[in-house]
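Reader: I would like to go through this structure step by step, beginning with how its parts meet. Please reason each point through before you give the value or the name.

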Amino acid sequence: MQIGYIGLGKMGKNMVVRMHEKDVEVIAWNRSLGPREEASSQGVKTADTVEELISNLSIPRIVWMMLPSGEPTDDMINKVLPLLAQGDLLIDGANSNYNDTLRRKEKVLGSGVRFMDIGVSGGPSGARNGACLMVGGQKSDYDSLVPLFEKLAAPEAYGYFGPHGAGHFVKMVHNGIEYGMMQSIAEGAAVLKGSTDFNLDLAEVFRVYNNQSVITSRLVEWAKNAIRTDPELENISSKINHSGEGEWTIDAAKKYGIEVPVIEKSLKIRNESTEESNSFRDKMVSALRGQFGGHAVEK
């Protein structure tokens, strides 16, 4: 199996190294040279230009884009499509808005190129050690790529969800759920820390929480790790950034007449958070974002 891969950010770089180690022939390109050199140093074949990458792929070609959502993905589609031929397959692995995916589908399929949307969860560590993949597109294309998904994903951590846009829709709602879960964990941590009746070791509390309790989860594990590293979260910003998926989930919920008060409140808190508040609760949300996604969260 051979894959052309575009975008070597935190996720993409780890994913191509995993592909290489799993005996997938991958040719990678990134706009800046540094990530290409890092990937090359680990055995991954790289190209100096997008044109070179496409020309070195066997027909029918498979090209996986792992770029920021929005304009960068649109620009790359416009660049790549003229270089591809009928029957080639273009994959969007970004955190794209599913409405953008539905729009892009018309353009890509209209050119005779197959198209697939894949939501990827697990952060950089998941990309390196086994991600979670949520796939939309033609079922026949999904079936043909199951051997690739088995190499990229953690055991049983991939699935087909329906036509174009379904993969990104499922990933979008996943991220909306994530907003609420992170907020709840952060609020609980703040209550534990604020208790004047007990001198609680929060790292120990979360260690126990994460062993067969009802709330055992990767997020609880990451909360423990963050507190163990920096008990007061002194080096973490209380300004919580977000990348849009929670808001997209709220928009979709309104479209379908579903109330999502927890996700709405979580987004509102993020939008209203400030560096000046120095809120331990908000620092915990930032810390969790840093733990799983490698997001910049330090002051």
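Author: Contact here means heavy atoms within 4.5 Å, and the model under discussion is a predicted one.

Reader: How many residues of domain 1 and of domain 2 are in contact?

Author: The protein chain is divided into domain 1, covering 2-162, and domain 2, covering 171-293. Their centres, taken over C-alpha atoms, are separated by 30 Å. Across the boundary, the residues in contact number 14 in domain 1 and 12 in domain 2.

Reader: Which residues of domain 1 lose the most area to domain 2?

Author: Between them the two domains bury about 960 Å², of which 53% is on carbon and sulfur atoms. The count of salt bridges between domain 1 and domain 2 is 0. On the domain 1 side, 46% of the buried area comes together from the three residues that lose the most, namely Asn95, Asn97 and Tyr98.

Reader: Which residue does the side chain of aspartate 48 meet in a salt bridge?

Author: The structure has a count of 17 salt bridges, and one pair links distant parts of the chain, 12 residues apart. Aspartate 48 sits in the loop between strand E3 (45-46) and helix H3 (50-55), whereas its partner belongs to helix H2 (residues 33-41). With an N to O distance of 3.9 Å, that partner is arginine 36.

Reader: Are helices H10 and H13 roughly parallel or roughly perpendicular?

Author: The axes of helix H10 (residues 218-229) and helix H13 (residues 280-293) come within 9 Å and cross at roughly 105 degrees. Because angles of 65 to 115 degrees count as roughly perpendicular, H10 and H13 are roughly perpendicular.

Reader: How many nonpolar, polar and charged residues does the contact of H10 with H13 have?

Author: H10 contributes Leu219, Trp222, Ala223, Asn225, Ala226 and Ile227, while H13 contributes Met284, Ala287, Leu288, Gln291 and Phe292. Sorted by class, this contact has 9 nonpolar, 2 polar and no charged residues.

Reader: What are the corresponding classes in the contact of H4 with H5?

Author: Helix H4 (residues 71-80) and helix H5 (residues 98-110) have axes 11 Å apart at an angle of about 5 degrees, and are therefore roughly parallel to each other. Thr73, Asp74, Ile77 and Asn78 of H4 meet Arg103, Arg104, Lys107 and Val108 of H5. By class, the contact has 2 nonpolar, 2 polar and 4 charged residues.

Reader: Which residue is joined to isoleucine 59 by a cis peptide bond?

Author: Most peptide bonds are trans. In this bond, however, omega is about -5 degrees. The partner of isoleucine 59, which lies in the loop between H3 and strand E4 (62-65), is proline 60.

Reader: What is the phi of aspartate 23?

Author: Most residues other than glycine have a negative phi. Aspartate 23, in the loop between helix H1 (10-21) and strand E2 (25-29), is not a glycine and yet has a positive phi of about 65 degrees.

Methods:
Residues numbered from 1 in each chain as written. Predicted model: local features only at pLDDT ≥ 70, side-chain atom pairs only at ≥ 80, totals over all residues. Heavy atoms only, no water. Axes fitted to C-alpha atoms, helices over the stretch in contact; angles between N-to-C directions. Helix = DSSP H or I, 4+ residues; strand = E, 2+ residues; numbered from the N terminus. Parallel < 35°, antiparallel > 145°, perpendicular 65-115°, else oblique. Nonpolar A, V, L, I, M, F, W, Y, C, P; charged D, E, K, R; others polar. Domains from an automatic or database assignment. Buried area = accessible area lost by both parts, 1.4 Å probe. Salt bridge = Lys/Arg side-chain N within 4 Å of Asp/Glu carboxyl O.
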